[in-house]
Amino acid sequence: MNAVARGLTSFFLAIFLSASLFAQQSSTSTQNPDWWKNAVIYEIYPRSFQDSNGDGIGDLNGITSRLDYLQTLGIDAIWLTPIYPSPQVDFGYDISDYYNIDPQYGTLADFDRLVADAKKRNIGIIMDLVLNHTSDKHPWFIESASSRNNPKADWYMWHDPKMVDGKPQPPNNWLSVFGHSAWQWDPARQQYYYHRFYIQQPDLNWNNPMVRKAMYDAERFWIQHGVAGFRLDAITSLFEDPTFSDENYVLGPDGKPLINAYGDKRVDTLKTDNLPEVQDVLRELRQVADQTQGRKVVLIGETYLRSVGDLRKMYGAHNDELDLPMDMEVGFINRFDVNMFRERINQAETQINGDEPLFVFDNHDNIRWDRYDHDAHHEDAGRVIAAVLFASRDTAMMYYGDEIGMVTTPPTRKEDVKDPIGVTGWPKEKGRDGERTPMQWNDGPDAGFAPSGVKTWLPIPPSYEQINVTADEHEPDSMLHWYQQLIALKRQDPALHDGAETMLNKNDEHVLSWLRKAENGEAVVVACNFTDQPQTVSFDLAPQGVRGSSPKTLLKPPGAAEPASLGSIQLGPFGV
Ligand code: NOJ
């Protein structure tokens, strides 16, 4: 699509080199044990990427058919959200068999083909491993629920009720993340079971060694199928406080409990999240992952944490836990606040023992990056976000459709909602359908997502006529080309690949600037205007030991002027 038609005016980005042309890095093959450092990981929501068989639901063969596109984009790995057999209450996060593929998505043979074809393109496949809970239709839970003395009776978090006026009540005030009590009454056992997420997602009892063994067996199975790593779902919530005492209410400024989107009084999560035992499990998962001959299996954690100190712990005291706990502190600031970005990126650079940060701006649980939009500045905002993501010293995690600027398209009527939280929470919480809509490949029927004329599982957003891959491929100034260029620089430019990062002009309230410096002395300056007004910046790099005043521009947005010197650089609105 034409950039001007999308409202792009005077936004620009300039990246400077004080040294000569950048050298080619070696390819980030998954055979290289460090392939995941400074890599680009692309999250695919398989239901919505490419439907190959015309049932309106994306599938594995569809993903395989798009590998060339992903290779051209320049990614190193694909994270697939869960594709195991599942009743699909939480669209795969409710697993009923850890050893197979849901027929909606294909077969194990299709999976093996995807892994092999991706490998030929140096792309690894990362599996989502859901360890905190299973589906209530998993045979383990069915057996566990059948009596109080079956062999799996203790595999889940069962608890006696609190009796109030002779009636059974939940043992405490803990809430499900998805609304209302986290306890569900089971008439057969005359007990409650704990579910941090949906009622259909009972929590496993990680104190039980049999549970641990069963999950490590599943981990081994997928390693044998050639996966490059795992994204560990809800990994901080494996354990609960054994006293099972009430959480405190979260109070508002008036001293009264805050109310969540589902109408519940909000409670803290100190007794259900990030308990110290999680660390033991991470070490055990790591030991299994390391039992591969010469092949690195990367462990990524879904880690929404309270502080950078908590993030640091997730790597393990001896780097024996997660490789890449997700840093949600940077990407989910959700507004262009220069000081916050500067502080948090700097924390990741200086307070996690030099380990590799994993920055995430988007995923299948949150409004897409259009949440950063400013009036007519959709693409402008997107270029800033992409620059921060790919030009920082980090492993970068992106979400399908980011690269063409797909916009969040939530349902407008309750009866159309597919994600159950959108039903429970309507209209305050519309659910996550809006960020899970089908990939927009072209402006033809079904946006090229499904064979022509099929009813897709979520509607194709009306924006597909303008925002789609084919349009962007034909438009030199498109968002897609911006992403491709940034990713290519991240892979190939020594400073942008793994150079050290230092914040510049730290008192600037409008422009976020930083220096990347490679061991060979090459230096790159990145400057992002976080406002909708033009800004002028200048840099003195002598304190950083960078000499030379005639920079070379590596990348700038369409129409931006060529800066003359480091002494005066004009940045347009949301220019970089
Ligand atoms: C986090 C996943 O990203 C989300 O989609 C899911 O609903 C919950 N974990 C429960 O598995």
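User: What makes the strands 2-3-4-10-11-12-13-14 a barrel, and how do they pair?

Analyst: Happy to walk through it! In this predicted model, the 8 strands form a closed barrel in the order 2-3-4-10-11-12-13-14, with parallel pairing. Neighbouring strands of this sheet are turned by 25° against each other on average, direction ignored.

User: How do you know that strand 2 pairs with strand 14?

Analyst: Two strands pair if there are at least two bridges between them. Strand 2 (residues 40-44) and strand 14 (residues 395-399) are joined by 4 bridges, so they count as a pair, and they run parallel. Within strand 14, M398 is the residue that stands opposite Y42.

User: Which residues lie nearest the centre of the largest pocket, and how many line it?

Analyst: V177, F178, R196, F197 and Y304 lie nearest the centre, and 49 residues line this pocket. The space in the largest pocket comes to about 1,600 Å³.

User: Why is R196 counted as charged and V177 as nonpolar?

Analyst: Arg belongs to the charged class and Val to the nonpolar class, so R196 and V177 are sorted that way. Over the whole lining of the largest pocket, the classes come to 19 nonpolar, 13 polar and 17 charged residues.

User: And what is the second largest pocket like, in volume and lining?

Analyst: Its volume is about 260 Å³. The second largest pocket has 15 lining residues, with T409, P411, D416, L458 and P459 nearest its centre. D416 is an Asp, so it counts as charged, while P411 and P459 are Pro and therefore count as nonpolar. The lining of the second largest pocket has 7 nonpolar, 4 polar and 4 charged residues.

Methods. Residues numbered from 1 in each chain as written. Predicted model: local features only at pLDDT ≥ 70, side-chain atom pairs only at ≥ 80, totals over all residues. Heavy atoms only, no water. Helix = DSSP H or I, 4+ residues; strand = E, 2+ residues; numbered from the N terminus. Axes fitted to C-alpha atoms, helices over the stretch in contact; angles between N-to-C directions. 1 Å grid on protein atoms, 1.4 Å probe; cavity = no way out; pocket = protein on both sides within 12 Å on 5 of 7 lines; lining within 4 Å. Points joined across faces, edges and corners; volume = space filled by probe spheres on them.
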